[in-house]
Amino acid sequence: LHATGSFRGEMQAVHKTGRLFWVELHASFLYNEGGMHYYSTIVRDIDNERTAQLELEKREALLSAVAKATTLLITDTDWKQSVIQSMQLIGSCLQADRVYVFESHTDNKTGAYLHSQRFEWNSGVAEPQIDNPALQNMPHAIVQEIFQPLIQNKAYAVHVADIQDNDLRQILEAQNICSLLMLPVFLGGKYWGAVGFDACKQQRQWKSYEIETLRMYAATLGGVIERRTTERLIAESQRRYKLLFDENPAPLLTVRVSDLKIRNINRAAQAHYGYSREEFLRKKLSDICLVCGGMADEMREKLMQVTAEQKMETRHVTKSGAVIDVEITLQPLSTEDAEPHLLLLINDVTEAKRLQREKDLMDDITNQLLQPKLLEENLHDAIRMMRRHLQCDAAELWCPNYDNSFIKLSVFETELNDAGIE
């Protein structure tokens, strides 16, 4: 402030109750009197906005990590290495300390039901457990509390300190686990094992969207394991691609470039756009693209030039008529016929753009209020910005004056006079 006469930034403030919350602070120098500096300061509570934006970014990052992990699983010929690399992608995104895979099996001699760890990724915070003999051929009775819900296709999430079974709690505490999440892995409708996620630094409450998104990863992992152990390389690759496509949480389309015909869609695309599979397959990409209009030839020429992964932003229209902002990742796709095809991964960024527009509006309004003009003029301009953003025909603001009277500012959209002050 002393150096430039102004300050703008975000910081955490302390509420009367002791709660920390985020604020946006704008301050500018007004005048100097008697050796004292006087500043105009505006403080805006952005805690909910920041929390919502952060959660949205985390959700999108996890969806992206699962999509990349799935692609890795179905394209890498070294399937064991691809499992570890996919766990690293997911674990790093989640900031988990361990990610691992357990297989449930039976003893060849006794027929006893056992559980053994097969894969592990470790962040380096906690000691690796892949070579821990205690995690091989564990009798079901010892870990029944964990694995019984998994067999019933349920997620298992717990803080280790809350586990009542002393033997089980000691096994987990010996691995420095504070909280864990485990999700079942099924092969062909039959329970095979589980994928787990450990928090070793402190307790962690797993969010519902994390669990549901990670279920998709577990389903893909199950498909990969099944196909790698039962099919030849080419047949398995095709089936794994189908699993990626159908079960991917992000909308996916395949498009024939020559005529922009939509050739395939996944369930997420059907749910997001509202069209049935049959309705989608009767359409072209230009039919759902808001800005295409009569520019189908231009679009086709542009898509013909895509030879590697490429991103683009546009606007699409759903079956209900809703307009959505989308970021599309384009990827050339090999098919049985020789015609060029593209795989389109759709990321709906409508909410993210809305939040950004609202933040930009509040920035503009704050800057306007700090302008060195009369208060009435600044308020008048700020109200006009809000009215135009909200697309209202009229906007009014009543505020108290220093003499206990009221100032009324009205902003109207008319051909002759865009604003009036009373």
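The second largest pocket of this predicted model holds about 440 Å³ of space. It is lined by 15 residues, and those closest to its centre are Lys-58, Leu-94, Gln-95, Arg-204 and Glu-210. If you would like to find the pocket by its secondary structure, look to α1 (47–75), α2 (79–94) and α5 (208–230), the elements that each give two or more residues to the lining. The chemistry of that lining is mixed: 6 of its residues are charged, 5 are nonpolar and 4 are polar. As a general reminder, rolling a probe the size of a water molecule over the atoms reveals where empty space remains.

From the pocket we can move on to the packing of the chain. In soluble globular proteins, nonpolar side chains tend to be buried together. Here, the largest nonpolar core comprises 31 residues, and Ile-90, Val-195, Phe-197, Tyr-217 and Leu-221 have the most contacts inside it. Helices α1, α2 and α5 each supply at least two of its residues, as do the strands β4 (98–106), β5 (113–122), β8 (179–187) and β9 (190–199). The largest share comes from α5, with 8 residues. Apart from this core lies another one, of 24 residues, which includes Ile-262, Ala-269, Leu-330 and Leu-342.

Phe-197 is a good place to pause and look around. Leaving aside neighbours within four places in sequence, Phe-197 is in contact with Ile-90, Leu-94, Arg-98, Val-99 and Tyr-100, among others. Its partners also include Ser-179, Leu-180, Leu-181 and Leu-183, together with Trp-206 and Leu-214. One of these partners, Leu-94, is also among the residues closest to the centre of the second largest pocket.

Now let us follow the chain to Leu-369, which lies in helix α11 (residues 350–369). Leu-369 counts as partly exposed because its relative accessibility is 33%, between the 20% limit for buried and the 50% limit for exposed. Not counting residues up to four places away in sequence, Leu-369 touches Ile-42, Asn-378, Leu-379 and Ala-382. The pairing with Ile-42 spans 327 residues along the chain, yet the two C-alpha atoms are separated by 9.1 Å.

Two loop asparagines deserve a look for their backbone angles. Asn-153, in the loop between α3 (144–151) and β7, has a positive phi of about 65 degrees although it is not a glycine. Asn-176, found in the loop between α4 (166–173) and β8, likewise has a positive phi, of about 60 degrees, without being a glycine. How exposed is each of them? Asn-153 is partly exposed, because its relative accessibility is 41%, and Asn-176 is also partly exposed, with a relative accessible area of 48%.

Stepping back, the protein chain contains 12 helices and 17 strands. Of its 422 residues, 41% count as buried. Among contacts between residues at least 6 apart in sequence, 47% join residues at least 24 apart.

Finally, a word on confidence. The chain averages a pLDDT of 85, and 89% of the residues score at least 70. Confidence is highest in strand β7 (residues 156–159), at a mean of 96, and lowest in strand β17 (residues 420–421), at 40. Over residues 413–422 pLDDT stays under 50, and for this stretch the model has 21 contacts beyond four places in sequence.

Definitions and conventions: Residues are numbered from 1 along each chain as its sequence is written. This is a predicted model: local features need pLDDT of at least 70, side-chain atom pairs count only at pLDDT 80 or more; totals for chains, interfaces and linings use all residues. Side-chain values use heavy atoms; hydrogens and water are left out. On a 1 Å grid over the protein atoms alone, a cavity is a set of points where a 1.4 Å probe fits but cannot get out, and a pocket is an open set with protein on both sides within 12 Å along at least five of seven lines; lining residues have an atom within 4 Å of a point. Grid points are joined across faces, edges and corners, and a volume is the space filled by probe spheres set on the points. Helices (H or I, at least four residues) and strands (E, at least two) are DSSP runs, numbered from the N terminus. Ala, Val, Leu, Ile, Met, Phe, Trp, Tyr, Cys and Pro count as nonpolar, Asp, Glu, Lys and Arg as charged, and the others, Gly among them, as polar. pLDDT is the predictor's confidence in each residue, from 0 to 100. Contact means heavy atoms within 4.5 Å. A nonpolar core is a set of buried Ala, Val, Leu, Ile, Met, Phe, Trp, Tyr and Cys residues joined through side-chain atoms within 4.5 Å. Buried means under 20% relative accessible area, exposed over 50%, partly exposed in between (1.4 Å probe, protein chains only).
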